[in-house]
Structures are given as structure tokens and as C-alpha cells.
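Colleague: I am new to this protein and would be grateful for a close look at a single part of it. Please choose one helix and explain how it is placed within the whole.

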Amino acid sequence: MTRAPTNLLAVRSLLLEHLNRDPNRGREEDLEPNQVGIVGDANHRGGYHCGSDRVVNNDYSVVESSRDRNGLTLDAAALDVGTFRASSGGRNHNLFTFSAWCVTQCAANAPDTRDIREIIYSPNGKVVKRWDRLGRRSTGDRSHLWHTHFSFFRDSIKANRDQRPLFRRYLSAIGLIKPEEENDMTPEEHNWLKTVHRNLTVLDGRNPVGQTYTRMAMGEDHIDPTFKVSHPTLRTIGAQLTALQTALATLGNRDFTDEQAIITGVLAGLTPQEIAAAIPPTVADQVVTELGRRLAA
């Protein structure tokens, strides 16, 4: 029988946790558990609220995308969100503003929206609209005047991919949760940071710094310079890595015969501020002490 997948249950829990009653945040109309649904009722046939046991012939939620055909399981792949009102930061928020925000993010192709196939919603409680990533439909029935429907490509449900980042970003944007550096990164930014970590991890014990930087300079390990991040912490890291990679580019065609020459070459391409930023706090005091000793000599 059709079942609710764990990744959509996690989204449901996140929304209920932060859009349910909390008088300290001026909650005026709560989002109740019976207003956030995943699996269609027993009579529901066809569409993303149904798993493989309830789809119909030529079901649009299966046949229109290879992502859906390849991802079809017993899991439902949709989420309905009902009406709510919340006050935060001196502003009022509700189902309509929430839906419009999500559609704007999808239309902009934000990385954490790319598993969403469609959103059926109302921007004002008077008309129903439909955003469809595949561009096939633009309407929906009148029940969407009081609830918003999200369809997810079935392969993302089958893979149990975390679908909370978009909704966490919304809750953060309206001030209901505190931004967290780890949690408000997009999936692509997480992957980018993992690449950075891998490339700067010790590759052997002979000369960790020299070996890592030499491999990067030779193109054996690299960070994609074309990928842009928006997270403030990652932008700082990115700026430092850009400076480092610029320095490494000047080393690529030079023949260094010893490890000290490699380090000297790398440092020559960095400003004092960039060098200081790269020194771990646990080492900084030792560096200051050593520099003081040398200057006093």
C-alpha cells in the first residue's frame, strides 16, 4: 500500500514544529497536523499522492518524466500544506506568502528546489495557479485556495534525498528559526565544501602542505573555479581559495626541486592577510612567538 516516505515526513515535522502554537512568536493561526498531508485517502487514484499500487494508466506523475518513471515505488511523492498565519519580525506571514516565496525560489531554479516537479497554490485565496517545472500545466482545482500542493520527482523520494533545506530556508527567512551555517547551505554548497575538505586533506605524511598544493597545481586535485556559492562563510572560504589557486597557477610550469621551494612559491602569491587567515588559531600563538624571537635576534 502507498506509504509516506521518511524524507517527506521530515519536512512535515519541520513545518509543524515551527508553524504550530508558540505564543512567544505571536502565532495567530496554527498549522495543524491534519493540514499537512502526504498520502492520499483510500479513494485517491493517480497523481503524486499515490505510490505504485494506486497509479493509473498514463498517470502524469509517472509518464511525463524519466525521473518519475525510474523512481516509482510504493512511496507517495507529494506534500499538502494548509492555511496558517504567523507574525515574526514585525511582519505577517501566511500560506499565500509562503507559497509565493516557494514558487519564486523554484522559478529561480534555486539548488534546493530542483527535486520539486510542481506547486499548485493560490497567491491570494481567490485564484489558483500552478508552477510546473516541465511547463505542461498552469491550473488546479479550487481546493488549492486553502492548501498548497508540492509534487516531488519520484527519483528524489526513492533516493531518500533530504527535502528540508528549502523549507528551512523559508523559516529562517521569516525569522522563525535561527540561521545555522551548516543547515542553511544548499546541497550543492555542501558538496562544494566537501570537495574543498578533500583537496586540503593530508595526502601523505612526507610533506602534507607541499604534497597537497603540488597535486592541486598539477591538476590532479582541484576545486571547480566556476561554481559560485552564496553562503557567507563559504564565500569567505572561496575568496581565500581563489587567491590560493591563483598562486598555484603560477607554480604549475615551474620545476621545484625541494619542499621548501614549494612552500616559498605558494606564500609568495599570498598577501599577509591571506596568510594570517590560513593559520589555524591553535598555531597562531606559536607563530607569533617564533616571529618575535626572530625579530629580536
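Modeller: This is a predicted model, and a suitable starting point is its largest nonpolar core. That core has 36 residues, of which Leu79, Phe98, Phe150 and Phe167 touch the most other members. At least two core residues come from each of helix H1 (6–19), strand E2 (78–82), helix H4 (95–107), strand E5 (116–121), strand E7 (147–152) and helix H6 (164–173). H1 gives the most, with six residues. In soluble globular proteins, nonpolar side chains tend to be buried together.

The part I would single out is H6. Seven of the 10 residues of H6 are buried, so this helix is largely enclosed by the rest of the structure. Those buried residues are Pro165, Leu166, Phe167, Arg168, Tyr170, Leu171 and Ser172. They pack against H1, strand E4 (91–94), H4, E5 and E7.

Phe167 shows this packing at the level of one residue. Beyond its neighbours within four places in sequence, Phe167 is in contact with Val11, Leu14, Leu15, Phe98, Phe150 and Phe152. Just after the helix ends, Gly175 adopts a positive phi of about 85 degrees.

For the wider setting, the protein contains 12 helices and seven strands. It has 297 residues, and 39% of them count as buried. Of the contacts between residues at least 6 apart in sequence, 63% join residues at least 24 apart. The protein exposes about 16400 Å², with carbon and sulfur atoms supplying 52% of that area.

Key: Residues numbered from 1 in each chain as written. Predicted model: local features only at pLDDT ≥ 70, side-chain atom pairs only at ≥ 80, totals over all residues. Heavy atoms only, no water. Helix = DSSP H or I, 4+ residues; strand = E, 2+ residues; numbered from the N terminus. Buried < 20%, exposed > 50% of the residue type's maximum accessible area, 1.4 Å probe, protein only. Contact = heavy atoms within 4.5 Å. Areas by Shrake-Rupley, 256 points an atom, 1.4 Å probe, with all protein chains shown as cover. Core = buried A, V, L, I, M, F, W, Y, C linked by side-chain atoms within 4.5 Å.
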